[in-house]
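Hi,

Here's the structure I promised to pass on. Have a look at it first, then read my notes underneath.

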Amino acid sequence: MAITKYNPMQEFERAGVPRTFSSILDEFFNDVVTSDSGRLYAPSIDISETDSHYHVQAALPGMKKDDINIDLQDRRLTISGERKEETENKDTKHHVRETRYGQFERSIMLPNNINQDKIDARFEDGILKLDIEKKEKQVNKQIKVK
């Protein structure tokens with residue numbers, strides 16, 4: 001029998017519990033939906049913030065803007081669509097094929113301070129860019145007791 005060093009995280013890893021805090025947040029905040037064919041396809045996204053806006057970018061190479069849907073319900077922003085596979089020649093032999101095709105959906109929860117009426121969406125060079133304006137900060141007012 002071999003002696004192995006005890007790893008307290010080993011039981012969690014076997015059970016499929018995420019190992020890093022980042023992976024826990026990814027699982028909690030992001031939904032990955034399976035397509036009918038059972039393949040997972042979720043576009044990569046970047047989220048950043050300035051003083052006045054949140055910026056969301058989704059990588060959707062090879063897509064057309066008419067094939068992309070954006071939905072906002074109760075602060076839940078959902079980007080969905082379908083990337084259709086091009087018909088191929090039967091004589092073609094693929095050596096590597098990493099491009100994902102099929103339906104996709106990616107959802108994120110936005111903060112409370114967004115202005116739902118001020119969202120700008122544009123699609124440039126395979127990147128969906130969303131600029132989401134923040135609501136103006138509410139100023140707390142002190143009330144004196146008379």
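Below is what turned up, from the overall layout down to one arginine.

First, the small print. This is a predicted model, where local features need pLDDT of at least 70 and side-chain atom pairs count only at pLDDT 80 or more, while totals for chains, interfaces and linings use all residues. Residues are numbered from 1 along each chain as its sequence is written, and side-chain values use heavy atoms, with hydrogens and water left out.

The protein has two helices and eight strands (DSSP runs: H or I of at least four residues for helices, E of at least two for strands, numbered from the N terminus). Going from the N terminus, the order is α-α-β-β-β-β-β-β-β-β. Of the 146 residues, 22% are buried (under 20% relative accessible area, using a 1.4 Å probe and protein chains only).

Now for the inside. The largest nonpolar core (buried Ala, Val, Leu, Ile, Met, Phe, Trp, Tyr and Cys residues joined through side-chain atoms within 4.5 Å) has 17 residues, and Leu60, Leu77, Ile79 and Ile132 have the most contacts inside it. Strands β3 (53-59), β5 (76-83), β6 and β8 (127-134) each give two or more residues to this core. Beyond its neighbours within four places in sequence, Ile79 is in contact (heavy atoms within 4.5 Å) with residues including Phe104, Arg106 and Leu130.

What about Arg106, then: buried or exposed? Arg106 is buried, at 13% relative accessible area. Arg106 sits in strand β6 (residues 102-109), and a polar atom of its side chain lies 2.7 Å from the backbone oxygen of Pro43.

Cheers

Technical notes
Buried < 20%, exposed > 50% of the residue type's maximum accessible area, 1.4 Å probe, protein only. Polar contact = N/O pair within 3.5 Å; in protein donor to acceptor, adjacent residues only side chain to side chain.
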